[in-house]
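Here is a short report for a reader new to this structure. Look at the model first, then read on.

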Amino acid sequence: MSKDNKTKMPKFNMSWIYGFVILALLLLYFSDGDAIGGSIRKEDSYNNFKTYVNKGYASKVVANKEESTLKMYVKPEHINDVFHKSAKEVGKEPYLIVEFGSVEKLETFLDEAHQAKKFSGEFSYENKKGSDLFSIILQLSPFLFLIFLYIFFMRKMSGGGGGSSGVFNVGKSKAKMYENGGEINVTFKDVAGQDGAKQEIQEIVDFLKKPGKYTELGGKIPKGALLVGPPGTGKTLLAKAVAGEAGVPFFSMSGSDFVEMFVGVGASRVRDLFTKAKEKAPCIVFIDEIDAVGRARSKNPNMGGNDERENTLNALLTEMDGFGTNSGVIILAATNRADMLDSALLRAGRFDRQIHVDLPDLNERKEIFMVHLRPIKTDSSLDVDLLARQTPGFSGADIANVCNEAALIAARKGNDSVGRQDFLDAVDRIIGGLEKKTKVMTAHEKRTIALHEAGHATVSWFLEHANPLVKVTIVPRGRALGAAWYLPEERQITTKEELLDEMCATLGGRAAEELFTGHISTGAMNDLEKVTKSAFGMIAYAGMSDKLPNICYYNNDGGFQKPYSETTAKVMDDEILKLINSQYERAKQLLLDHKEGHNQLAQLLIDREVIFSEDVEKIFGKRPWVSRSQEIMENDGKRETVTDDMPKDTDGSESSEQNSDAKEAEDKKEEQTEDKKF
């Protein structure tokens with residue numbers, strides 16, 4: 001019989017002992033200590049007791065003054081007369097339990113029976129309440145209960161039942177070890193895009209496989225590499241690929257696994273992790289979300305609230321710096337908050353390399369789509385190039401979500417395969433939210449929304465640097481009542497003229513409301529928020545102001561103090577207001593110059609709810625400026641829908657590059673539509 005077919009016996013643990021002890025105590029309690037010897041007892045009245053004694057059935061009597069009870073043991077030859085059972089059934093010394101009233105009367109009765117030769121046995125007293133063992137346990141029961149509670153909660157807090165988790169193993173590392181890379185089943189072939197990051201990661205694998213290639217020339221193998229990037233870009237996936245390719249032991253855990261409510265546990269787990277890693281060298285240690293334990297230490301030592309976390313960080317710093325040269329242990333860590341990490345953790349000798357895993361560009365998005373499309377049944381109408389162009393600012397996780405959502409939409413429709421339109425609907429669903437065609441709107445509200453969205457389309461059509469328009473809709477999606485969708489160019493740098501054109505196009509909706517309805521509404525709140533952020537970035541960070549030229553007031557230390565005076569703040573406020581108002585007047589003038597076309601466009605929106613760039617072209621003629629994105633779009637033919645991704649410098653020009661990657665990714669997702677909150 002093979003090992004797999006054998007019956008798996010449960011493993012012995014301390015719970016078995018606890019169960020045996022509880023069972024024995026219960027047995028002792030219910031039997032009063034006599035069930036262990038096999039004897040039987042029976043409760044009876046005092047009158048029956050006197051009758052049995054007078055008949056000569058009693059062999060001995062034991063009285064308990066404290067409980068006012070007695071035990072009358074029965075002679076073997078009279079067992080059947082008292083218990084109506086055989087001697088084998090009642091055990092060695094069966095007895096009766098009888099309550100009596102007065103000790104003096106009991107003694108007098110037994111003396112008389114003895115003189116009459118009806119009772120010749122022994123009469124004695126026991127001055128104890130129940131058995132000795134049970135009495136002791138009863139006295140110790142509160143302490144035993146507290147000990148049991150302590151063990152129970154310690155086991156729960158330290159991770160539960162078996163293995164290395166328990167009250168005596170709370171300081172042990174929780175890292176999961178993979179001896180063989182095949183257990184993870186992820187290789188570099190499963191990681192699309194991120195060619196630069198993969199190249200550096202592959203070198204780490206090469207270090208472990210062929211260390212002599214690098215050390216014989218006098219080089220030192222890097223001790224650690226930090227993967228930095230926005231959420232969903234594939235940092236953990238890259239670490240899994242390293243484990244799958246390296247063929248060496250791989251320890252994986254999260255930064256939060258070091259954090260514990262007990263003092264000293266975090267530092268103990270750090271030391272235990274590195275002890276195990278050194279024993280398995282060469283190996284890789286991967287710490288996901290290291291910012292949970294590696295956050296910068298407090299500059300005010302009197303606060304005292306983070307002592308345990310700081311002690312854990314100190315232990316991590318010591319262990320990383322304590323490795324011998326070329327020890328064969330490499331640390332990988334991932335975070336999307338690198339700006340919050342302690343500077344001592346990032347120095348050379350600990351994390352020698354910082355590998356940036358950025359949002360994928362056009363070609364990388366195409367590769368990622370190809371990976372996630374493998375298990376999906378698609379038809380011939382699908383154009384992967386089109387999907388890649390329609391998803392600027394999407395991370396790998398977002399693209400996986402698009403593919404999954406498209407498959408769900410196709411299944412909901414009852415299709416046999418997933419087509420082009422299903423993917424376009426999935427992008428709309430993820431970016432804009434669920435369509436709400438049943439939302440009740442008055443005719444006046446619908447006209448206001450149409451004028452607002454037509455204002456965006458009209459102004460952007462006549463601005464050289466505005467993103468090419470693709471679709472305008474007044475169908476509510478999520479919290480948005482309408483949206484103008486664009487195909488943005490993926491710029492590496494953004495000029496002042498481009499930022500001003502984008503700002504003017506964003507203000508086109510509010511300008512159209514004021515000009516053609518005579519009032520303004522709260523529908524432009526999202527537009528105003530974006531232009532305010534953009535103007536502040538231009539003035540405070542990018543130095544694009546007439547009164548404050550070539551100055552950047554970006555505060556990188558994360559403090560609360562502004563790096564400029566109140567006087568400068570007033571100048572900045574004035575410049576921001578001046579910049580926004582100038583572009584607002586510019587938008588109004590463009591709308592007045594093309595008033596008739598704007599009104600036709602708004603009426604077309606009211607009638608059809610969704611219009612495309614071809615409809616705008618029929619009203620205004622061909623756009624004066626043809627960008628690269630527009631040429632691509634025209635070559636693809638009519639577009640059903642497209643996402644809008646404002647240039648990443650919109651809300652602060654070059655300052656957006658200095659903000660954290662996580663914030664940049666969040667801003668990109670929020671700016672997919674031109675007017676999401678109208």
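The text below covers salt bridges, a lone buried charge, aromatic rings, cysteines and unusual backbone angles. The model is predicted.

**Salt bridges**

The count comes to 16 salt bridges. The table lists some of them.

| Pair | Closest N to O distance |
|---|---|
| Asp272 and Lys276 | 3.3 Å |
| Arg586 and Asp501 | 2.8 Å |
| Glu585 and Lys588 | 4.0 Å |

Take Asp272 and Lys276. Both belong to helix α10, which covers residues 265-279. They sit 4 residues apart, about one turn of the helix. Asp272 is buried because its relative accessible area is 14%, under the 20% limit. Lys276 has 29% and is partly exposed.

Arg586 and Asp501 form a salt bridge too. This pair links distant parts of the chain, 85 residues apart. Arg586 is in helix α22, while Asp501 is in helix α19 (residues 496-506). Arg586 is partly exposed at 31% relative accessible area. Asp501 is buried, at 5%.

Glu585 and Lys588 are also in helix α22. They are 3 residues apart, so about one helical turn separates them. Here Glu585 is partly exposed, with a relative accessible area of 46%. Lys588 is buried, at 14%. Elsewhere, Glu200, Glu203 and Arg353 are joined into one network by salt bridges that share partners.

**A buried charge without a bridge**

Which side chain of opposite charge is nearest to Glu405? That is Arg412, 4.3 Å away. Glu405 is buried and has no salt bridge, because a salt bridge needs the nitrogen and oxygen within 4 Å. Glu405 is part of helix α16, residues 396-413. Leaving out residues up to four places away in sequence, Glu405 touches Arg412, Ala426, Arg429 and Ile430.

**Aromatic rings**

The structure holds 10 aromatic pairs. One of them is Tyr73 with Tyr95. Their ring centres are 5.3 Å apart and their planes meet at 50°, so the pair is tilted. Tyr73 lies in strand β3 (69-74) and Tyr95 in strand β4 (95-99), so the pair ties together parts 22 residues apart in sequence. Both tyrosines, Tyr73 and Tyr95, are buried.

Tyr541 and Tyr554 make an edge-to-face pair, because their planes are at 80°. Their centres are 5.6 Å apart. Tyr541 is in helix α21 (525-541), and Tyr554 is in the loop between α21 and α22 (566-593). The pair ties together parts that are 13 residues apart in sequence. Tyr541 is partly exposed, with a relative accessible area of 22%.

Tyr46, Phe49 and Phe109 form one aromatic cluster.

Charges sit over rings as well. Lys60 lies over the face of Tyr73, 4.7 Å from the ring centre. The charged end of Lys71 is placed over the ring of Tyr95, at 5.2 Å from its centre.

**Cysteines**

How many disulfides does the structure hold? The number is 0. Cys403 is buried at 1% relative accessibility. Cys504 is buried at 0%.

**Positive phi angles**

His84 is not a glycine, yet it has a positive phi of about 60°. His84 lies in the loop between α3 (79-83) and α4 (87-90). At 61% relative accessibility, His84 is exposed.

Lys117 is not a glycine either, and its phi is positive at about 60°. Lys117 belongs to the loop between α5 (103-115) and β5 (122-125). Lys117 is exposed, at 76% relative accessible area.

Conventions: Residues are numbered from 1 along each chain as its sequence is written. This is a predicted model: local features need pLDDT of at least 70, side-chain atom pairs count only at pLDDT 80 or more; totals for chains, interfaces and linings use all residues. Side-chain values use heavy atoms; hydrogens and water are left out. Helices (H or I, at least four residues) and strands (E, at least two) are DSSP runs, numbered from the N terminus. Buried means under 20% relative accessible area, exposed over 50%, partly exposed in between (1.4 Å probe, protein chains only). A disulfide is a pair of cysteine sulfur atoms within 2.5 Å. Lys and Arg count as positive and Asp and Glu as negative; His and the chain ends are not counted. Contact means heavy atoms within 4.5 Å. Rings of Phe, Tyr and Trp (its six-membered ring) pair if their centres lie within 6.5 Å; planes under 30 degrees apart count as stacked, over 60 as edge-to-face and the rest as tilted. A charge sits over a ring if NZ of Lys or CZ of Arg is within 6 Å of the ring centre and within 35 degrees of the ring normal.
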